[in-house]
Amino acid sequence: MHDLDCLKAVTLLPATFRPIFTFRYFNSVQSECFSQAFLSDDNMVVSAPTGSGKTVLFELCILHLLSRSIGPDGQFQHTPGTLKTVYVAPTRALVQEKLREWKQKFGQVLGLNCQELTGDADVRPMPDTDIILTTPEKFDSITRRNKDHGGLSFFADVGLFEIDEVHLLHEPRGAALEAVVSRMKMLSRYPEMGGCPLSTIRFVAVSATIPNIEDIGEWLKVPPRALKRFGEEVRPVKLTTKVLGYAPAKNDFLFERRLQGFLFDIIMQEAKDKAVLVFCSTRKGAQEAATTVARAASSMNFRNPFIKSQEHYERLQLAARSSKDKHLQECIRCGVGFHNGGMDMIERSLVENLFLRGDIHILCTTNTLAHGVNLPAHTVIIKSTQYFNKDKGCYTEYERSTLVQMCGRAGRPQFDDNGLVIIMTRRDTVHLYENLLSGSEVVESELLPAIAEHLNAEIVLMTVSDVSLAIEWLKASFLYVRIKKNPQHYKVDRAREDHLENHLKEICLRNVNELAEFRLVETDEYGFQLKPLEPGRLMAKYYLDFSTMKEITKAPIKCAVEDMIYTLAKSQELSWIQLRRNEKKLLNDINGDTTGKIKYHVLGVNGKIKKRIQSREEKIFLLINDALSGDPSTLDFTMSQDVTAICTNGTRISRCMSEYFRFMKRFKETVTALKLAKCIHERLWEDSSYQLKQLAGVGMVTAKAFLQSGIDSFDKLAKADPRKLEAITGRKYPFGNQVKEALDKLPPRIDMKLIETRRNTSGNHELTLILTRPGKTTASICNVAHLVVGSEKTNRLYYYERIRVEQFSSPYSVSLSIERIAGKDVDVDAALISETYVGIDLVEKLSLRNFVKASMVTERSVQNKNQRSEEPGCLPSFQLIPDGEDAQLPVSKENRFSGDQIFDHINGKSRSLSAQLNSQNSFQLQKTLDVAPVTSVVNRQYQRLDVDVCSPSTEILGSTQLGFSSPVQNGRSQYKRQHHPDSAVQQSGKHCIPAFSASKLPRIAFNLDHLDPARNNRSERRAEIPPFRVFDVFEFPGTPSEPRAKEPRNKELEASRPMAGTPGFQYSANCSPRPESSCFTPVPAPPALKSPKTCAMEASRLDVFTSIFSFL
């Protein structure tokens, strides 16, 4: 029995915590639970009616956790983020209500950081957050997606896990809550968590009145003393229930429409001057009910019962003008409103405030408000006890707990001493609801239907790595508790404990085998060890249903956009969307459009456009096409909500498809899915004429005005005068300036080039992709693009990278090696696809011809020199090792070409060069040296690499210096480029060989030197350079003050490849000082971006000189 007469005073709390509460005494429920909530570490479950003050119990548990931060002197000394509380509620509306309330209480009084964790939230601030408020799905999704980016990093600091409305476990959404709690319980058992708050995590759950609260207590390991159950006797306001029965209609939909006609009379009879909440089963039903009541009230002219005075009337007129919804404006003017989760946040807040102030007396809403925003009323009317079940596809009776939640909104303790509940139902179901408040249905688990998705998520998170841990995870769930007590509900024969163990193992193995069949997880040869695969990671990351992931894996090769849209239409995430009878005519008209507005039509078996839409998949397919046309059809409220859900889920599923196809190396599908994802997100096709709708402040009317004036792209809009834009649209100053400013948020202009640099001896095409950003960027804006390189002909993906277009180092180059196909040409396609904007993608194509390369000049080729020189564009080969032939140069014992051999060969080639290129007197060769990867000199200060360009007579034509300095940052040496005063090298970011005569082909010498002030005479240093001596970059012994070492250490060194985007050479050399036998392997950098004509001419020259160094 509960001692309800002994109330606890707030003064029992420490002085630091007392300002949290504005009252002096806790009520009877709070006082009964005070010792367990604030003076104990026990897990706790409380079942009590709505409105009995269960939120205060959560606050007492939070204060108990924070009491660890109170010092001996009574001061609150808390380190942010070290003791975290996670609050989980079934709806986002309830989460936001608690967030506003707790920010005022805990934020202002104790300085705690409260944050809502949503789908778009960044997990990086989580370490400093004290109270995290979220829904089960969002918490599960965030921790899945951000596993490798800090998503689980804050788990160790979680010391309190609070569950509001825990009786919702029996709904399909309860599976996510069950999986999250089981995950927390599994993680708390890890030995690595010893000493962390998570190791002693406390679970506190509250619910409405349910009969099997003991099962929830068993699941959460709650001792009997912390299991609290309260009945209707503790409700602060007594409720009266009336059940009204009505004759059924032809169908459930018409029955609900019929009930709207009785609402106004019931309100006038039972609650004329009281605040009334009308719960409807659908959003459209709430809107229609409010409109019906408002029109009935307005028909009474000046005797409107919901308007009390002229001042009240003026307030309603002013409030109506602040709404953009015509239906809501009509209702507000009559003192009526409607409220649902699909409304704009501003309009929802408007309605809530009007109802709380008493300006609106009648509020029609959905059952979401019963679990969310605290808007109590004197009278609650439940219009129909049935709702449309999305999973079953038909109308079903409300769960008893949901009805109890609705009834709990009746009665306002601050205004009323009683409340009224009116239930409108069929005559044959009246008896079911006459004793509604006396009990509730048993809460069962809903984890079993979704066990494949949640088991895959645990495998991805590595909380389950084998079958035995999978069984332990199941035992930590509420399913395990209920399957023992009610096995028939889960289609399990009642059996002994050991049989139940075998059944759990069978459940795990059956789901693991199905996941492995579709390559989502991998098992060892015994089927015991479990390892996640990339498709499984994607399913967990994007929170997809297993059946949806199956459809994605079954996608045909080179599937087109239509195939992907049909995959979306068949997804489980959209299975709740139904084809309604009154929608068929509109859908048939949309599919029969002949103006070109619809890009893809629903076709029949004969390939012709279908005249009748017959399934929900066809409806979804058409709604996507209509939404992406840029000028969508006018839809009713329900279909508009369907389109919103389709676009939200379609974007997520399309992004998952793009990553899956990328993993499978399917180029065409990757590009198509990336484009489809952003098109659905923006509701525009890539080639739409309404691209300007993507700008802030540009709607459909403005976009059409621009289109009629010939402004249909961002480039044309950027060139237009702001005053002209205002004249075109009929808008006033400064609209034109605002539109021009909106262009600044677009990604910057990017130039992309794809060139073939060489073909190596291994038979591959060496390509370089160059991205250049010509203009300036805004650092505060971050636009993302996907760089995809592949072949549409072979459908093979070669390269992918996700790039922040404002932040990459321009020019940005990527080196690619494409395998040559014997006897076939290879077409390479490069696409830079914006993640958010349509109409600005870049595409570059390169056709690689498969011809036989010229071999090294022999006596036979010399004899045919005159014949070859007549061919336009033909240049002599500088290859040292021809394709398909053995090298004809003698090789030294070290298996390397000597300097003399190289020099003689180059001289032999250069003699014929001037005759073929006699129209050019000189050349200029540019090469870029990449020294960032060099790590062997990072511990030395002021070492310097000297690059000298020498003529055949060892005359130095030009020099440049590269200086190194410490310390090392992020594993790379910091370097700077220095130019000697007498250097002829250009200071353009590239190290250039000056102009030289074609008959005097220069050589390049590299020499590492200390920056010794005592040896600043360059003539001394030049004299020491032997003919064609090549030093690679390596570490010399000694200190900066010592003279240059004459003998470098014998050490093999191979510098790492330049990082992506950094053009440069790659050197590989034996660092022993061999004046006659040094060699290196440069990887050529792309030429500077110039005009097409100049670029083509210089590229041909560069190919000649590049091949000089293309050996080994």
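These legends describe close-up views of a predicted model.

**View 1. Confidence along the protein chain.**
This model is predicted, and confidence varies along the chain. The mean pLDDT of the protein chain is 75. Of its residues, 71% reach 70 or more. Helix H25, residues 667-682, has the highest mean pLDDT among the elements, at 95. Strand E32, residues 1068-1070, has the lowest, at 28.

**View 2. Two stretches with pLDDT under 50.**
Over residues 851-899, pLDDT stays under 50. The model has 79 contacts beyond four places in sequence for residues 851-899. Residues 962-1112 also have a pLDDT below 50. This second stretch has 348 contacts in the model beyond near neighbours in sequence.

**View 3. A buried salt bridge between lysine 619 and glutamate 583.**
A search of the whole structure finds 50 salt bridges. One of them joins lysine 619 to glutamate 583. Their closest N and O atoms are 2.8 Å apart. Lysine 619 lies in helix H23, residues 616-627. Glutamate 583 sits in the loop between helix H21 (561-569) and helix H22 (584-591). The two residues are 36 apart in sequence, so the salt bridge ties together separate parts of the chain. Are the partners buried or exposed? Lysine 619 has 0% relative accessibility, so this residue counts as buried. Glutamate 583 is buried too, with a relative accessible area of 2%.

**View 4. Aspartate 827 meets lysine 793.**
These two residues form a salt bridge, with 3.1 Å between the closest N and O atoms. Aspartate 827 belongs to strand E23, residues 826-834. Lysine 793 is in the loop between strand E20 (784-791) and strand E21 (796-804). The pair therefore ties together parts that are 34 residues apart in sequence. Aspartate 827 counts as partly exposed, at 24% relative accessibility. Lysine 793 is exposed, with a relative accessible area of 52%.

**View 5. Arginine 802 meets glutamate 835.**
Here the closest N and O atoms of the salt bridge are 3.2 Å apart. Arginine 802 lies in strand E21. Glutamate 835 lies in the loop between E23 and strand E24 (842-848). The parts are 33 residues apart in sequence, and the pair ties them together. Arginine 802 is partly exposed, with a relative accessible area of 46%.

**View 6. A network of charged side chains.**
Side chains of opposite charge can pair when their charged atoms come close. Which residues are linked in a network of salt bridges? They are Asp215, Glu218, Glu444, Arg482, Lys484 and Lys485.

**View 7. Strand E10, covered on both faces.**
Strand E10 spans residues 336-339. On one side are Val336 and Phe338. On the other are Gly337 and His339. All four are buried, and both faces of the strand are covered.

**View 8. E10 and its partner strand.**
E10 pairs with strand E11, residues 362-366. The pairing is parallel and runs over four bridges. Valine 336 stands opposite isoleucine 362 in E11. Helix H11, residues 345-357, joins the two strands in a right-handed β-α-β unit.

**View 9. Lysine 719 in helix H27.**
Helix H27 covers residues 714-719 and includes lysine 719. This lysine counts as exposed, at 75% relative accessibility. Lysine 740 is 21 residues away along the chain. The C-alpha atoms of lysine 719 and lysine 740 are separated by 9.5 Å.

Methods: Residues are numbered from 1 along each chain as its sequence is written. This is a predicted model: local features need pLDDT of at least 70, side-chain atom pairs count only at pLDDT 80 or more; totals for chains, interfaces and linings use all residues. Side-chain values use heavy atoms; hydrogens and water are left out. A salt bridge is a side-chain nitrogen of Lys or Arg within 4 Å of a carboxyl oxygen of Asp or Glu. Buried means under 20% relative accessible area, exposed over 50%, partly exposed in between (1.4 Å probe, protein chains only). Two strands pair if DSSP finds at least two bridges between them. A crossover is right-handed if, with the strands pointing away from the viewer, the path from the first strand over the helix to the second runs clockwise. pLDDT is the predictor's confidence in each residue, from 0 to 100. Contact means heavy atoms within 4.5 Å.
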